[in-house]
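Reader: I'd like to learn how to read the features of a model like this one. Could you walk me through it?

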Amino acid sequence: MSIPAWEQSGASDADRAEALAAGVDAFTDQSGTDWSNLADGLTTTNADGWNQAMQVDVPGTPAAPAADEPAPEAEPEPQVDPAELAQTAVSQMGLEAPEIASTPNDTETLGAVGLPVWLWVANPGETTTGPNTTSASAGAVTVTATAKFTGMSIDMGDGTTIECDGPGTEYPGTGIDPSPDCGHVYDKMSDEQPDGLYTVNITAHWGVEWESNTGETGTIPIELTTSKQLRIGQYQTVVTDVS
């Protein structure tokens, strides 16, 4: 409970009692001036000569507790798309087009019409032939992706495209047998091609299978390309008179 305290120098006890008995919270003087905006504990002299003080708490009266402010609402976590997270995992694998070896293997070595050309991956590994497994996380979502090399499509430059189911087989070094899984035989020389060379374009195929801890799964196909050039000539048989 609070009551206003008033004082007037020379005021009678009856005047004070009357002021205290009023018990009002609005402080106005006889002219109607409102003095209720004074800070606690300050006094002022109004137009009638009254010394006016703000309300005084009666001892023993507990102050009203301050109202608890509501806690700020937590911002919702951003939604994570597992498929996009799978793409992030793939980008972390560092997959690259393989280096392709062949017979003949460079432009300084002459191959021949009618002889088999072998082709194979010269640098097999996690980033060139796989398998390659990587995980990526965002918030509460984790995706694990596994990339597997599935083969090569090779444009031999003469209008023929061959399909190799794997990385090919390395040439054993001797013999004229055809490659068991990735080879070609030219039937024309390369001398009519630009710079006298066949341009061989290789496309390596990958399949990336992924799954998330939230149950989603998927497959991402990937193609990586490279190229090389081959020089193909022709052997001729020369018959000489030995007589």
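Author: Gladly. Let's start with a definition: strands are DSSP runs of E with at least two residues, numbered from the N terminus. Keep in mind that this is a predicted model. With those labels we can place P131, which is found in the loop between β8 and β9 (132–138).

Reader: What is the peptide bond from G130 to P131 like, cis or trans?

Author: That bond is cis, and its omega is near -5°. There is also a cis bond from T103 to P104, where omega is near 0°. P104 sits in the loop between β6 and β7.

Reader: Now the strands themselves. In what order do the 3 strands of the open sheet come?

Author: The order is β6-β8-β12, with antiparallel pairing. β6 (100–102) and β12 (183–185) each have a single partner strand, so one side of each lacks a neighbour in the sheet. On average, neighbouring strands here are turned by 25° against each other, direction ignored.

Reader: How many bridges join β6 to β8?

Author: There are 3 bridges between β6 and β8 (residues 116–121), and the two strands run antiparallel. If you want one to find on screen, take S102, whose bridge partner in β8 is L119.

Reader: Which other strands pair in the antiparallel sense with β10?

Author: Let's take them in turn. β9 and β10 pair over 7 bridges, and one of the residue pairs is A138 with V141 in β10. In that hairpin 2 residues lie between the strands, and G139 has a positive phi near 60°. β10 (residues 141–155) also pairs with β11, over 4 bridges; here D155 has T161 as its bridge partner in β11. This second hairpin has 5 residues between its strands, with G157 at a positive phi near 90°. Lastly, 12 bridges join β10 to β13, and S153 is matched with T203 in β13.

Reader: Where do the side chains along β11 point?

Author: They alternate. I162 and C164 point to one face and are buried, whereas T161 and E163 point to the other and are not. For that reading, buried means under 20% relative accessible area.

Reader: C164 brings me to the disulfide. What does that term tell me?

Author: It is a covalent bond between the sulfur atoms of two cysteines. The structure holds 1 disulfide, joining C164 to C182 with an S to S distance of 2.0 Å. The link of C164 and C182 is right-handed, with 75° about the S-S bond. C164 belongs to strand β11 (residues 161–164) and C182 to the loop between β11 and β12, so the pair ties together parts that are 18 residues apart in sequence.

Reader: Is C182 buried or exposed?

Author: C182 counts as buried, because its relative accessibility is 1%. C164 is buried as well, at a relative accessible area of 4%.

Reader: Phi was positive at those glycines. Which residue other than glycine has a positive phi near 60°?

Author: Look at D195, where phi takes that positive value. D195 lies in the loop between β12 and β13 (198–212). Its relative accessible area is 66%, and since exposed means over 50%, D195 falls in that class.

Reader: And N201, in strand β13: how far apart are the C-alpha atoms of N201 and S227?

Author: They are separated by 4.4 Å, although N201 and S227 are 26 residues apart along the chain. N201 counts as partly exposed, at 36% relative accessibility.

Reader: Let's finish with pockets. What does rolling a probe over the atoms show?

Author: With a probe the size of a water molecule, it shows where empty space is left. In this model, the second largest pocket has about 180 Å³ of space. Its lining includes T103, P104, Y171, G175, I176 and Y235. P104 is thus worth a second look: the residue after the cis bond from T103 is also part of this lining.

Reader: Which strand gives the most to the lining of the second largest pocket?

Author: That is β7, with 3 residues. β7 (110–112) and β8 each supply at least two residues of the lining. By class, the lining has 9 nonpolar, 3 polar and no charged residues.

Key
Residues numbered from 1 in each chain as written. Predicted model: local features only at pLDDT ≥ 70, side-chain atom pairs only at ≥ 80, totals over all residues. Heavy atoms only, no water. Pairing = 2+ DSSP bridges. Axes fitted to C-alpha atoms, helices over the stretch in contact; angles between N-to-C directions. 1 Å grid on protein atoms, 1.4 Å probe; cavity = no way out; pocket = protein on both sides within 12 Å on 5 of 7 lines; lining within 4 Å. Points joined across faces, edges and corners; volume = space filled by probe spheres on them. Nonpolar A, V, L, I, M, F, W, Y, C, P; charged D, E, K, R; others polar. Buried < 20%, exposed > 50% of the residue type's maximum accessible area, 1.4 Å probe, protein only. Disulfide = S-S within 2.5 Å.
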